[in-house]
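Student: I am new to this one. Can we go through the terms and check each against its value?
Tutor: Yes. Have a look first.

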Amino acid sequence: MILRLLVTFLWLILISQSKLDSCEQWIQQLGDLDFFTEAQIRMVCMHQREWVKDRDEEAGKKFLEVTTDNQLKYLRHVEQCTRENCVREARRKKRAPTKSIRKEIRMMSPAELRDLGIAMNGLKNRQIDNITAWDLHTLVHYPDSAPGAHWGPAFLPWHREFLRQFEIALQTEVPSVTLPYWDSTLDQGLPEEADSVLWTDELLGNGNGYVKTGPFANWDTNVLMPLSQIPVKKLYRSTGGREQDRLMTPKDANWIITRQNFSQLTFCHDKTFESMHGLSHVWVGGFMYVIRVSPNDPTFYMHHAFIDNLWEKFRQNSQTREEREEQWATKNCNSNHGFDVQMKPFTIQNRDGLSNQYTDEWYEYQPVRHCTIEDATCDSNFYWCDMKTWRCRSRVVYGGNCTGYEGTQICYNSVCSQGKCVVPPRVRSATKSRIEDGNLSFKEKVWAKTVLLDENGKGIEDDLSRIVITDLDTNQTQIVFHSGETVFPEIPGTVYLSLPKPRAGKTSRVSLEARDQFGRYCQAQCMNSTSERYQVCQPFLNISLNSEISSPVSFTHSMSSRTFLNLDLSVHPRQMHPEMPYIVFVCSRKLVTSAMIKQAAEVVRAPTSTENYVFFRVAVFREESSNYQIEVSPYSEVGPIFSSSIEKAASAFDPNIVYVQAPNPELHKKGVRVRVSILSNNNRVQCQIKCTEKDGSMHQCDGDVDLHSDSTLSQEDVFTSDPHSLPVLGWNMKGHPSFWRHKMPFLSFHC
């Protein structure tokens with residue numbers, strides 16, 4: 001038995017070592033080309049391993065166990081339609097060219113972009129039995145369905161056919177539509193590539209987290225996002241979220257175009273091209289990160305159209321018409337990549353994907369015209385002319401990083417100033433007025449807190465940063481803004497959420513959409529109480545009086561008390577610090593960790609009070625008809641005697657709690673000792689006096705109280721110089737209101 005375990009253990013080591021060795025071979029083959037870092041090579045290598053693993057485990061069956069007759073009929077029809085170009089007549093009726101002209105997405109007109117969104121959403125919403133047409137196309141790309149789609153010479157012809165079938169599917173929705181391509185070299189090299197105008201509402205929608213803006217907002221996916229620590233079943237991206245990832249460069253593109261024969265672009269001869277293609281997959285992140293599920297994101301099709309475009313440029317540059325249809329690799333990697341082998345799951349063969357017919361009859365690529373000294377313009381408002389390189393490049397969004405490009409046209413609808421794309425103050429002011437116009441408040445509401453953070457984990461303190469709150473039951477919306485200067489106990493970046501007031505037995509349901517001061521989407525992160533970490537979440541809240549069905553949000557109906565939400569006011573002032581709210585918003589294209597989010601709250605401490613006096617609480621249990629006064633006498637010459645009627649000093653919420661005044665111990669190194677007395681007609685009332693110690697024990701005492709700046713020397717920990725906090729002094733207001741707890745004062749009088 002022991003021998004068998006030892007053999008198994010050694011076998012596992014050999015298997016893992018063989019995988020490691022194979023990746024080491026990749027490093028040796030690719031490392032000297034100066035195209036990849038070692039980390040990037042290892043990443044591509046492991047992606048290849050995952051593809052093979054998914055193929056052998058038939059991952060597609062986890063997606064869709066059985067393909068129905070209707071689904072197979074749809075896929076066969078699309079393939080047949082591709083061969084016959086059956087949308088030709090429909091395109092003629094729309095006065096569109098019968099040959100599709102594929103443009104870089106930023107070159108498309110507003111009408112073309114609108115139609116593209118309609119067509120893609122049409123496929124996403126078109127149900128074929130238990131799955132959408134879009135998801136069926138995604139399933140086609142699974143490794144057990146398409147074993148020759150990657151890691152061999154069939155890679156390019158397979159994706160050419162796949163894209164053409166997808167384009168035909170789009171044209172069945174909107175005949176005039178053409179599949180665009182994404183030239184990622186136009187974004188590469190920007191100060192922050194994720195600040196490209198591509199990732200805006202007008203084009204592909206936001207790239208930081210759940211896709212909530214643009215034409216593909218809130219798209220469902222049919223599978224969970226692989227490699228995610230949380231269950232994600234909505235379209236998700238993480239554009240440029242990792243420092244080690246990069247986009248394709250002009251140097252990459254030039255290398256591809258200038259190869260001498262087809263085999264140099266194929267995986268088993270040279271791993272470079274297919275590895276290069278993977279860089280943009282990984283850079284976009286989310287569903288694009290894992291090859292198998294990457295067609296969930298429309299970006300996939302545009303990226304692969306660019307890869308197909310580069311291949312076509314190579315074909316035109318380095319091959320004759322005959323060679324384009326005949327050249328193949330001598331190393332096929334495996335049987336799925338043979339020249340005369342079926343291009344699974346399609347009915348054609350791999351060789352058919354080399355046909356000149358694709359670009360002779362069906363589509364062609366419109367190149368990006370780059371600017372020159374003679375003509376320093378570009379063909380799209382989304383481009384600008386970089387006169388250092390004489391290339392048209394992608395513009396940067398409002399609020400994006402433009403460091404080093406002051407004085408250029410790099411910024412979209414804004415100007416570059418001090419490394420940031422900005423607009424004049426008058427435009428900012430007009431923007432806020434426009435947003436506020438018609439903004440209505442919920443009639444009955446409660447208040448909660450959230451925080452907006454930037455890429456460095458610092459609070460965004462700008463009165464244009466905002467959150468749109470939507471009541472999911474009435475569809476009424478309200479916009480709340482950052483309220484201005486932050487004061488303790490507020491965390492920098494705090495925004496107060498006005499939420500529909502919950503009723504007994506009824507839950508208020510809301511969605512939140514946060515935008516920073518530049519109008520850019522901010523991704524929600526919620527505290528996971530199990531792992532005690534912030535993690536990406538959907539921005540929805542359930543607000544209920546019942547903690548079991550409510551989101552774990554601290555809320556209050558009192559506007560004056562909302563400042564103190566997520567704060568423990570039952571501790572010594574020097575131990576008092578706010579807690580991050582349950583839900584926060586990260587307004588960044590870069591990774592902001594849970595530790596960074598927590599740190600934003602941990603650094604907030606109460607400033608040392610310089611007021612002459614502080615307030616503390618005394619419990620006085622008395623008959624309702626009594627007309628008592630309370631007096632606080634310092635033992636030394638540190639301040640005057642405080643005296644008030646109990647009725648006047650009592651809490652409005654609990655008449656047994658009385659607020660009294662004493663000299664501020666922060667101003668007296670030795671602390672302050674006072675004697676508290678209950679008087680009636682200026683005569684001391686004989687009351688039973690009890691003191692509650694920090695451990696909860698009670699004993700008889702004489703009414704003396706020590707207040708000290710050092711909590712270990714202070715008998716009464718709970719005191720404040722802020723009169724606004726008196727109604728909630730002694731309360732721990734962290735978490736759902738049902739969990740709030742009140743701490744008894746040190747002194748109690750029973751009269």
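Tutor: Start with the second largest pocket. Its lining holds 11 nonpolar, seven polar and seven charged residues. The model is predicted.

Student: What makes a residue part of the lining of the second largest pocket?
Tutor: A lining residue has an atom within 4 Å of a pocket point. For this pocket, 25 residues line it. Y398, R515, F518, G519 and R520 lie nearest its centre. Helix α14, residues 425-436, gives the largest share, four residues. The space in this pocket is about 610 Å³.

Student: What is the volume of the largest pocket?
Tutor: About 980 Å³. Among its 38 lining residues, M225, Y236, S238, V536 and L591 are closest to the centre. Strand β17 gives the most, four residues. By class, the lining has 14 nonpolar, 18 polar and six charged residues.

Student: Why is N350 called buried?
Tutor: Buried means under 20% relative accessible area. N350 has 1%, so N350 is buried. N350 sits in the loop between α12 (321-326) and α13 (357-362).

Student: How do you know that the side chain of N350 makes a polar contact with G338?
Tutor: The cut-off is 3.5 Å between N or O atoms, one able to donate a hydrogen and the other to accept it. The side chain of N350 reaches the backbone oxygen of G338 at 2.8 Å. That distance fits within the cut-off. N350 also touches other residues, including A154, P157 and W328.

Student: Why is L227 called exposed?
Tutor: Exposed means over 50%. L227 has 69% relative accessibility, so L227 counts as exposed. L227 lies in the loop between β4 and β5. L227 has a positive phi of about 65 degrees, although it is not a glycine.

Student: And why is D129 only called partly exposed?
Tutor: Partly exposed lies between the 20% and 50% limits. D129 has a relative accessible area of 42%, so D129 is partly exposed. The place of D129 is the loop between β2 (127-128) and β3 (131-132).

Student: What makes the peptide bond from K344 to P345 cis?
Tutor: Its omega is near 0 degrees. P345 is in the loop between α12 and α13. Another cis bond joins F488 and P489, with omega about 10 degrees.

Student: Where does pLDDT stay under 50?
Tutor: Over residues 1-21. Where pLDDT is low, the predicted coordinates should not be read in detail. For the protein, the average is 91, and 96% of the residues score at least 70.

Key
Residues are numbered from 1 along each chain as its sequence is written. This is a predicted model: local features need pLDDT of at least 70, side-chain atom pairs count only at pLDDT 80 or more; totals for chains, interfaces and linings use all residues. Side-chain values use heavy atoms; hydrogens and water are left out. Helices (H or I, at least four residues) and strands (E, at least two) are DSSP runs, numbered from the N terminus. Buried means under 20% relative accessible area, exposed over 50%, partly exposed in between (1.4 Å probe, protein chains only). Contact means heavy atoms within 4.5 Å. On a 1 Å grid over the protein atoms alone, a cavity is a set of points where a 1.4 Å probe fits but cannot get out, and a pocket is an open set with protein on both sides within 12 Å along at least five of seven lines; lining residues have an atom within 4 Å of a point. Grid points are joined across faces, edges and corners, and a volume is the space filled by probe spheres set on the points. Ala, Val, Leu, Ile, Met, Phe, Trp, Tyr, Cys and Pro count as nonpolar, Asp, Glu, Lys and Arg as charged, and the others, Gly among them, as polar. pLDDT is the predictor's confidence in each residue, from 0 to 100. Lists of a residue's contacts leave out its neighbours within four places in sequence.
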